[in-house]
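Here's a walk through a protein chain for someone meeting it for the first time. Have a look at the model, and then we'll go through it piece by piece.

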Amino acid sequence: MVQKQFQRILESIYELIFLSCSFGFRQGIGCHDAIRALHNYLYKEQVDTVIDVDLAKFFDTIDHSILENILRLKIKDERFIRYIVRMFKAGVLSESELILSDEGVPQGSCVSPVLANILAHYVIDEWFEEVVKKHCRNKIGLFRYCDDCVPRAQRRIV
């Protein structure tokens with residue numbers, strides 16, 4: 001119940017800044033929307049190559065300190081941050097065994113997807129917009145669902 005409230009709070013803060021290329025774990029937006037957008041793009045544009053990027057073990061390897069620093073960019077309430085950090089350290093009880101980890105978001109937690117999406121927003125989506133686009137001649141963009149990305153480029157007609 002507590003984690004569900006944290007999820008709602010985080011969504012209300014970050015939904016406003018998430019880019020339109022992000023389809024994963026957002027209210028009213030899902031994998032079918034990502035597939036539809038990619039399909040429409042591929043149908044309308046001349047595309048030579050499609051690259052599918054899948055970040056292996058993305059959820060399991062999120063660095064807690066990096067995520068905490070990212071959260072601090074928008075959240076100034078130290079109590080809220082302290083509870084989030086406690087969630088990172090809480091561990092997972094599986095088959096009578098408590099598994100603690102120094103990295104990753106809590107497995108099975110309803111707050112994990114939004115935390116992963118926040119990190120992906122800053123390290124994938126914004127990086128793509130601010131760095132990658134500046135170094136490409138063609139018009140490019142991105143479709144991202146969770147830890148899966150499909151960069152898109154329009155072919156230059158000469």
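Two strands count as paired if DSSP finds at least two bridges between them. Keep that in mind for R144, whose bridge partner in strand 5 is C149. One more thing before going on: this is a predicted model.

**The overall picture**

The chain has 5 helices and 5 strands. Going along the sequence, you meet them in the pattern α-α-β-α-α-β-β-α-β-β. The C-alpha trace spans about 60 × 35 × 25 Å along its principal axes. Of the chain's 158 residues, 35% count as buried. If you take contacts between residues at least 6 apart in sequence, 67% of them join residues at least 24 apart.

**The sheet**

Let's start with the strands around R144. In what order do the strands of the open sheet of 3 strands come? The order is 1-5-4, and the pairing is antiparallel. Strand 1 and strand 4 are the edge strands, each pairing on one side only.

In general, strands of a sheet pair through backbone hydrogen bonds, and they can do so parallel or antiparallel. Here are the two pairings, side by side:

| Strand pair | Sense | Bridges | One bridge pair |
|---|---|---|---|
| Strand 4 and strand 5 | antiparallel | 6 bridges | R144 and C149 |
| Strand 1 and strand 5 | antiparallel | 2 bridges | D54 and D148 |

Strand 4 covers residues 140–145, and it's mostly covered up: 5 of its 6 residues are buried. Strand 5 takes in residues 148–153.

Strand 4 and strand 5 form a hairpin with 2 residues between the strands. C146 sits in the loop there, and it's a bit of an oddball. Most residues other than glycine have a negative phi. C146 isn't a glycine, yet it has a positive phi of about 60°. Is C146 buried or exposed? It counts as buried, because its relative accessibility is 7% and the cut-off for buried is under 20%.

K57 is another residue with this quirk: its phi is positive, about 55°, although it is not a glycine. You'll find K57 in the loop between strand 1 and helix 3. Unlike the buried C146, K57 is exposed, with a relative accessible area of 59%.

**Helices on the sheet, and on each other**

Now for what lies against those strands. Helix 2 lies across strand 4 and strand 5, running at about 155° to strand 4. Helix 5, which is residues 112–132, also packs on the sheet and touches strand 4 and strand 5. The direction of helix 5 makes about 170° with that of strand 4.

Helix 5 has helix 3 for company too. Their axes come within 10 Å and cross at roughly 80°, so helix 3 is roughly perpendicular to helix 5. Which residues meet where helix 3 and helix 5 touch? From helix 3 come I66, L67, I70, L71, L73 and K74, and from helix 5 come L115, I118, L119 and Y122. Sorted by type, the residues of this contact are 9 nonpolar, no polar and 1 charged.

**The aromatic rings**

Finally, the rings. The structure holds 8 aromatic pairs. One of them joins F25 and F59, which sit edge-to-face, 6.1 Å centre to centre with 85° between the planes. F25 lies in the loop between helix 1 (2–14) and helix 2 (31–44), while F59 lies in the loop between strand 1 (53–54) and helix 3 (64–74), so the pair ties together parts that are 34 residues apart in sequence.

F59 pairs with F58 as well: the ring centres are 5.6 Å apart and the planes are at 80°, so this pair is edge-to-face. Why does that angle count as edge-to-face? The reason is that planes over 60 degrees apart get that label.

How do these rings fare for exposure? F25 is partly exposed at 32% relative accessibility, and F59 is partly exposed at 22%. F58 is buried, with a relative accessible area of 10%.

Ring pairs link F25, F58, F59 and Y145 into a cluster. That brings us back to strand 4, which covers residues 140–145.

Notes:
Residues numbered from 1 in each chain as written. Predicted model: local features only at pLDDT ≥ 70, side-chain atom pairs only at ≥ 80, totals over all residues. Heavy atoms only, no water. Phe/Tyr/Trp six-rings, centres within 6.5 Å; stacked < 30°, edge-to-face > 60°. Helix = DSSP H or I, 4+ residues; strand = E, 2+ residues; numbered from the N terminus. Buried < 20%, exposed > 50% of the residue type's maximum accessible area, 1.4 Å probe, protein only. Contact = heavy atoms within 4.5 Å. Axes fitted to C-alpha atoms, helices over the stretch in contact; angles between N-to-C directions. Parallel < 35°, antiparallel > 145°, perpendicular 65-115°, else oblique. Nonpolar A, V, L, I, M, F, W, Y, C, P; charged D, E, K, R; others polar.
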